[in-house]
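Colleague: I've got a new model open and I'd like to learn how to read it feature by feature. Can you walk me through it?

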Amino acid sequence: YASFLRGITGEESTTAMNRKQRYLVLEQLKKDGFKVGRPGDAAQDQSEQALLVRHKWLMLKHYGILRDPSERALLKYVRRITKVDRMEWLKSWQMNLLVEAIKKWVARVERELLQKAVADGLISLPFFCATFEDAEFSQRTGVITAEEGDALYQYNQACEAYLANYTPPKE
């Protein structure tokens, strides 16, 4: 490969080339039978983490957050977070970074939706919680009585049902 590049441009690496030299290499590759495709044309990464990222992406679509829920838009998001164009090319630490970023995004959206549902009276807080933050604190600390635990469990079930059946408002 390095000798191929050197024969066309005099450089051994595409990182050392300028734009015109990279264009010459691409043209030679096309002459040799290479087919140029758009992002999203190649087979998608089917790893467990990539599927999780796509699942979270579709959750954001379900919540009405995404203007463009396409694979191309997802790849733009991947590029913005990791500086890599395709999920198949990510190193494990980059994939972990991507997974955590999208999980945090979904969690923020869900938190906002649940806060609004509580404020609108669509979900009632457990009897020992005055605010949404009280319920979150109770869940994090876990220092509650059995009766409060049952109420918190019912509240969590109501939250999950609300999010599962959520329909974004029509604009």
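Modeller: Sure. Let's begin with a backbone angle: just after H5, Gly 121 takes a positive phi of about 80°. Keep in mind that this is a predicted model.

Colleague: Which residues just after H3 and H4 have a positive phi?

Modeller: H3 is followed by Gly 64, with a positive phi near 80°. Just after H4 comes Lys 83, where phi is positive at about 65°.

Colleague: Next, helix length. Why does the span of H5 count as agreeing with what's expected?

Modeller: The general idea is to take 1.5 Å times one less than the number of residues. H5 has 28 residues, so it should span 40 Å, and its end C-alpha atoms are indeed 40 Å apart. H4 passes too, because its twelve residues should span 16 Å and its end C-alpha atoms are 16 Å apart. As for H3, residues 48–62, its 15 residues reach 21 Å from first C-alpha to last, close to the 21 Å expected.

Colleague: Now burial. Which residues of H4 are buried?

Modeller: The cut-off to remember is under 20% relative accessible area. In H4 that picks out Ala 73, Leu 74, Leu 75, Tyr 77, Val 78 and Thr 82. They pack against H3 and H5.

Colleague: And what does H3 look like on the same score?

Modeller: In H3 the buried residues are Ala 50, Val 53, Arg 54, Lys 56, Trp 57, Met 59 and Leu 60. Arg 54 and Lys 56 are on that list, and both count as charged. What covers the buried residues of H3 includes H4 (71–82) and H5 (92–119).

Colleague: Thr 82 caught my eye in the H4 list. Why does Thr 82 count as buried?

Modeller: Its relative accessibility is 7%, so Thr 82 falls in the buried class. For a polar side chain like that, I'd look at the partners next. A polar atom of the Thr 82 side chain lies 2.7 Å from the backbone oxygen of Val 78. The Thr 82 side chain also reaches the backbone nitrogen of Val 84, at 3.2 Å.

Colleague: What else is Thr 82 in contact with, leaving aside neighbours within four places in sequence?

Modeller: Leu 90, Gln 94 and Leu 98. Try following Gln 94, which is found in H5. Gln 94 has 9% relative accessibility and therefore counts as buried. Beyond its own neighbours within four places, Gln 94 is in contact with Thr 82, Val 84 and Trp 89. Val 84 thus comes up twice: its backbone nitrogen is reached by the side chain of Thr 82, and Gln 94 is in contact with it.

Colleague: Let's turn to the opposite case. Is Lys 31 buried or exposed?

Modeller: Exposed is the call when relative accessible area is over 50%. Lys 31 has 68%, so it is exposed. Lys 31 lies in H2, residues 19–31. For a sense of distance, Lys 31 and Leu 152 are 121 residues apart in sequence and 66 Å apart in space, C-alpha to C-alpha.

Colleague: Last one, pockets. How many residues line the largest pocket, and which lie nearest its centre?

Modeller: With a pocket, I go through volume, lining and chemistry. The largest pocket has a volume of about 420 Å³. Eleven residues line it, with Thr 14, Arg 22, Leu 26, Leu 29 and Phe 34 nearest its centre. By type, the lining divides into seven nonpolar, two polar and two charged residues.

How values were computed: Residues are numbered from 1 along each chain as its sequence is written. This is a predicted model: local features need pLDDT of at least 70, side-chain atom pairs count only at pLDDT 80 or more; totals for chains, interfaces and linings use all residues. Side-chain values use heavy atoms; hydrogens and water are left out. Helices (H or I, at least four residues) and strands (E, at least two) are DSSP runs, numbered from the N terminus. Buried means under 20% relative accessible area, exposed over 50%, partly exposed in between (1.4 Å probe, protein chains only). Contact means heavy atoms within 4.5 Å. A polar contact is a pair of N or O atoms within 3.5 Å; within protein, one must be able to donate a hydrogen and the other to accept it, and residues adjacent in sequence count only if both atoms are side-chain atoms. On a 1 Å grid over the protein atoms alone, a cavity is a set of points where a 1.4 Å probe fits but cannot get out, and a pocket is an open set with protein on both sides within 12 Å along at least five of seven lines; lining residues have an atom within 4 Å of a point. Grid points are joined across faces, edges and corners, and a volume is the space filled by probe spheres set on the points.
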